[in-house]
Every structure is written in C-alpha cells, then in structure tokens.
Amino acid sequence: MNITIKDVARVAGVSYSTVSKALNDSPLVRPDTKSKIMKIAKELGYKPNFAAQSLVSKQTKVIGLIWPTLERIAPSTLVTRINEEIKSKSYSMILSIDCIEDSLELFKRYQVDGVLVFDEHNHSILDTVSIPIVTYGVGRNKKHTVIDVSYQMAMKMSVEYLYNLGHRNIAYLGDFSPIDDRQLEKYYGIKKAMKSLNLPITNENLVNTAGLNWYDGYLATKRLLNSSNRPTAIIGSSYDISAGIVRALREANLIIPKDISVMSYDNISQMGNLEIPLTSIGVPVDEIACNMVDTLITQIKTKDTTPILKQLTPKINERVSCAQAGILL
C-alpha cells in the first residue's frame, strides 16, 4: 500500500496543506509541528511522488552535471563535493561523462531543472540552452553564468610566495594546450607574474607537460632535471602533475624542500597525503562547490537566467614543501 500525504496528515492530526508545506521545509510551519510531521512520515514509510510534484511545481528537483573526465584527482574531488552540496539542498544529481551535446540531449529527456558544466571548450553551445547553466573556470568572453576561480591571480600569488622566500629561478610545469582555457589562463598568469618580478622566462623554466596526468608531470620533470637549468623552486599546474614532479625529484635523490621547493595548483586536502605534503594554491574545493550549486539553484528558483560572473579568490595552503632559497633544513 502506498502511503500518501493524506495518510500522514490523518495520523498527525493536521491538514493536507500543512503536511505538504512541512515536507517542503516551508517556514510557514512551526518547527515543532514540522519535526512531528517529518517523524510520522518516516515511521509510515512515506515516499514522495516526484512525478506528481514536478507536475505541480514545474520542477523535477534534478540537476545535471556534465563532466567529461573523472580520471584526475582534483575534478573527481570537486564532483563529490558538488553532489554532497546538491543533496543538502534536497535536489538530486545526474552525472554525464559524454560530450556536451549528447549530455544536454540526455538532460532534456530527463527534464532537469538546471545544468552544471565543467568542460566548456565548445561553450557557444551553452549560450543557446534555455534552462539555467552554470560553468566553472574562466569567465572571460562567456555569455552564460561562470564561477571564475581566478587562475591568473593564483599563479601570481604562487610566484610572489616563492619570490618572497628568496627564489629567483622558478620553473613552471603545465599543459600549454591552446584549446584549454583553464590551462592557458594559468600559463598567462605565470608569465605575467615572472615578467613583473624580472624573473627569467625561457623554454627551460616554462615546461610544457603536453598532458594533465601524473606521468606527464613525471616525464616533464625528468626533462627539466636533464637540462642545463636547475631551478630552486617548481610550480606544478595541478595535483596530478605535481604528484609526478614529486616522484621524479625523489628518484633523482633530491630532497624537498632542501634541494628544490615545490608548490602546486589545486587547493584540495589530498595535497597533504602526497609523499611530501605540498603547499598549494587555489580556491578551496568546498567554496567552488558551494558557489556553483547555490548560484544554479538561485537561478532555478528565480527563473532569472541573466548571465553573471562570480569571481572567487584563491588561497595559499602552506605545508612543508617550500623553504627559503639556499637555506638547508
């Protein structure tokens, strides 16, 4: 037998509309009444009829997430936090790892209320979508809502941090792919910061990993160590790249930070679990997740899809991988 709202109302001794408001967490219901209704609903085994609710509210309470790669640590960490944030708002999430076009077609069939997008290489498609869309990354030249995590500012802060420790020979290892806005933004930020501090900018201290995986960082570090340039500090463009940097330095019997300081982009807790806990830079992953979900749900509820740009501020998380240049520990 299916338990309905009317059954809950009868047992609770309140009206049908009061139960409906309580189950939707309405402020119009007193906290003690709401608690009583929620307890009775749980005891009776009441399950909401989402199909019926969506017909009335014109919302499915489902959010689509387009995320074409889960292979790297930082993106998968952010997906987990986004899912937790969506659940805390009483929404559900559908994750698609297909391309944007296919994912949007899937979400149309499921009539999702809004979409979060990670991969936006083909962002012109997003400008034609009628439902709320929020992306994360680089806000420049976009016609949809973007949570901008200020990559250039993060790179500037990382170079200045190492410069203030006395480092004048700093290397940056990252993917310089021309089709990836995020990686290019980091690259531009590094070059601007180094130029402003009169630090050397050469092919030897700006090393293209040509990929974003652990092994790409490992091989790029090997090349760097075999060159004529031996930096006193290295900045890695992501968690995975930096994990490869650490392994290559350890294999070369170099001690971090005694011989070389290492700093990394991606402000995630896993940085502390590497062979050497790394000082990192970036907007904390919890802050990114909260801003993405809150912004999208606000647009869903207000039905206002006017594009906005929300700029977040990076933070440095100090650990044990950076030291004063030339100082033995």
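## Salt bridges

This predicted model holds 16 salt bridges. Side chains of opposite charge can pair when their charged atoms come close. Three of these pairs are described below, starting with two that sit within helices.

In helix H5 (residues 73-88), Glu85 and Arg81 are 4 residues apart, which means that about one helical turn separates them. Their side chains meet in a salt bridge, with a distance of 3.6 Å from N to O. What is the burial state of Glu85 and Arg81? Both residues are buried.

Helix H6 (residues 100-110) offers a pair with a spacing of 3 residues: Lys108 and Glu105 are about one helical turn apart. The closest N and O atoms of this salt bridge are 3.5 Å apart. Lys108 counts as exposed because its relative accessibility is 57%, while Glu105, with a relative accessible area of 42%, is partly exposed.

## A link across the chain

Let's turn to a pair of another kind. Glu185 forms a salt bridge with Arg140, and their closest N and O atoms are 3.0 Å apart. This pair links distant parts of the chain, as its residues are 45 residues apart. Glu185 belongs to helix H8 (residues 181-196), and Arg140 lies in the loop between strand E4 (133-137) and strand E5 (145-148).

Is Glu185 buried or exposed? Its relative accessibility is 9%, so Glu185 counts as buried. Arg140, at 45% relative accessibility, counts as partly exposed.

Some salt bridges share partners, and one network of this kind joins Arg81, Glu84, Glu85, Lys89, Asp286 and Asp294. The H5 pair described above, Glu85 and Arg81, is thus found again among the members of this network.

## The sheet and its edges

Now for the strands. An open sheet is formed by 6 strands, and their order is E2-E1-E3-E4-E5-E11, with parallel pairing. Strand E2 (92-96) and strand E11 (309-311) stand at the edges; each has a single partner strand, so one side of each is left without a neighbour in the sheet. From one strand to the next, the twist averages 20 degrees.

At the E11 edge, E5 and E11 run parallel and are joined by 3 bridges. Asp148 has Gln311 in E11 as its bridge partner.

## A helix on the sheet

Which strands does H6 touch as it packs on the sheet? H6 is in contact with strand E1 (62-66), E2, strand E3 (114-117) and E4. The direction of H6 makes about 170 degrees with that of E1. This is also the helix that carries the salt-bridge pair Lys108 and Glu105.

Technical notes:
Residues numbered from 1 in each chain as written. Predicted model: local features only at pLDDT ≥ 70, side-chain atom pairs only at ≥ 80, totals over all residues. Heavy atoms only, no water. Salt bridge = Lys/Arg side-chain N within 4 Å of Asp/Glu carboxyl O. Buried < 20%, exposed > 50% of the residue type's maximum accessible area, 1.4 Å probe, protein only. Pairing = 2+ DSSP bridges. Axes fitted to C-alpha atoms, helices over the stretch in contact; angles between N-to-C directions. Contact = heavy atoms within 4.5 Å.
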